Amino acid sequence: MIVREAAVMGFCGGVRAAIRKAEEAADMGARLSLPCYVYGDIVHSAVVMDGLAKLGIKRIDSASFPPGVVVIRTHGISDAMRSEFQERGFVIVDATCPVVLGNQEKVRSASSPVLVIGKAGHAEIVSVMGASGKTVLIENAADLSSLDPSLRYEAVVQTTLPEKRLAEIKEEAERLGLEITFISTICAASVERRKALTELCREVDEIVVVGDRRSANTSELKALAERLGKPAFLVESADDIPRNVMSCGIIGLTAGASAPDTLIESVRRRLADGR
Ligand code: SF4
């Protein structure tokens with residue numbers, strides 16, 4: 001079996017910066033004799049979260065803990081939650097990705113409701129819709145029918161949204177005569193990994209995607225490979241690689257933006273071993 005790799009895969013700059021900030025927060029907590037926490041998953045990766053736990057960083061989902069240093073996940077938090085941490089005396093270390101912070105700022109500063117295009121319940125969408133301002137969630141083109149055509153709208157986009165979904169929404173907005181200024185905030189990291197995967201799909205039979213099932217950008221890599229006609233397998237560890245993949249002619253390897261190098265390396269080694 002031959003293994004080919006995507007030219008761009010694995011950790012993006014935002015994820016590396018967030019993990020660095022969490023490590024610094026653990027040091028700060030130790031220096032100040034304060035507990036250190038991370039709000040939610042800093043990124044969707046069990047390996048990364050295990051690493052933070054080893055540094056003594058505890059995962060929390062609310063501010064009802066003894067105050068300490070709290071690291072805000074890359075997906076961000078709502079303004080109400082941030083205020084609660086501040087009021088309770090937590091030291092906040094903000095690891096929110098700058099793209100998400102930008103979308104939150106857009107919601108706060110807009111004079112009319114901002115359309116937030118993305119998946120309901122996803123941590124990033126919860127934090128953008130939790131910025132103080134008016135928002136309307138748009139999950140797909142059909143949701144546009146509830147908008148008032150006499151109003152003008154601005155729209156921000158989940159950083160990992162498939163470009164195809166955004167194109168469908170734009171097309172439907174035009175058909176309905178809606179005046180929407182789309183601020184395309186699909187992040188560069190997602191775009192680059194998809195472009196590299198598209199090129200890889202031209203030269204392989206099947207695709208292995210390394211990453212966490214809860215990660216939107218990782219799931220989208222798998223979905224993209226399938227749209228391009230390649231069987232694709234999302235693996236959270238080397239043990240997840242299906243046996244039949246080992247007998248495939250040329251296998252392509254890629255990884256989501258939250259997949260650590262150590263995890264990619266273990267999958268790479270198992271594929272190279274061929275068993
Ligand atoms: S994948 Fe995109 S949004 Fe997420 S941390 Fe990386 S750059 Fe930021």
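1. The protein has nine helices and 12 strands. Its radius of gyration is 20 Å, close to the 19 Å that the globule rule gives for 275 residues, so the protein is as compact as a globular protein of that length. This is a predicted model, and the points below should be read as such.

2. On overall dimensions, a box of roughly 60 × 55 × 25 Å, taken along the principal axes, holds the C-alpha atoms of the protein. As for burial, 43% of the 275 residues count as buried.

3. Strand E10 covers residues 206-210, and four of these five residues are buried. E10 has strand neighbours in E12 and E11. With strand E12 (residues 250-255) it runs parallel, joined by five bridges. With strand E11 (residues 232-235) it also runs parallel, here through four bridges. Between E10 and E11 the chain passes through helix H8 (residues 216-227), and this β-α-β crossover is right-handed.

4. Individual bridge partners can be checked against the model. Glu206 is opposite Ile251 of E12. Val209 is paired with Thr254 in E12, and its bridge partner in E11 is Leu234.

5. Strand E12 is mostly covered, with five of its six residues buried. Besides its bridges to E10, E12 takes part in a parallel pairing with strand E1 (residues 2-5), where four bridges are found. In that pairing Arg4 stands opposite Gly252 of E12.

6. Leu234 deserves its own entry. This residue is part of strand E11. It counts as buried because it has 20 C-beta neighbours inside 10 Å, and the cut-off for buried is 20 or more. Its C-alpha is 5.9 Å from that of Val210, although the two residues are 24 apart in sequence.

7. Which residues surround the ligand? They are Cys12, Gly14, Val15, Thr74, Cys97, Val99, Thr159, Cys187, Ala189, Ser190, Asn217 and Ala257. By type, the shell has seven nonpolar residues, five polar residues and no charged ones. A reader looking for a charged side chain in this set will find none.

8. Where in the fold does the ligand shell come from? Helix H1 (13-32) and helix H7 (188-201) each supply at least two of its residues. In terms of domains, at least three residues come from domain 1 (2-11 + 189-273), and at least three from domain 2 (13-95).

9. Ser33 should be looked at for its backbone. Its phi is near 55 degrees, a positive value in a residue other than glycine. Most residues other than glycine have a negative phi. Ser33 is placed in the loop between H1 and strand E2 (36-39). Is Ser33 buried or exposed? It counts as exposed, because only 7 C-beta neighbours lie inside 10 Å, and the limit for exposed is 12 or fewer.

10. Glu172 is located in helix H6 (residues 163-175). With 17 C-beta neighbours inside 10 Å, it counts as partly exposed, since that number falls between the cut-offs of 12 or fewer for exposed and 20 or more for buried. Glu172 and Asp143 are 29 residues apart in sequence, and their C-alpha atoms are 9.8 Å apart in space.

Methods
Residues numbered from 1 in each chain as written. Predicted model: local features only at pLDDT ≥ 70, side-chain atom pairs only at ≥ 80, totals over all residues. Near = placed C-beta within 6 Å. Nonpolar A, V, L, I, M, F, W, Y, C, P; charged D, E, K, R; others polar. Domains from an automatic or database assignment. Pairing = 2+ DSSP bridges. Right-handed = clockwise from strand over helix to strand, strands pointing away. Rg over C-alpha atoms; globule rule 2.2 N^0.38 Å.
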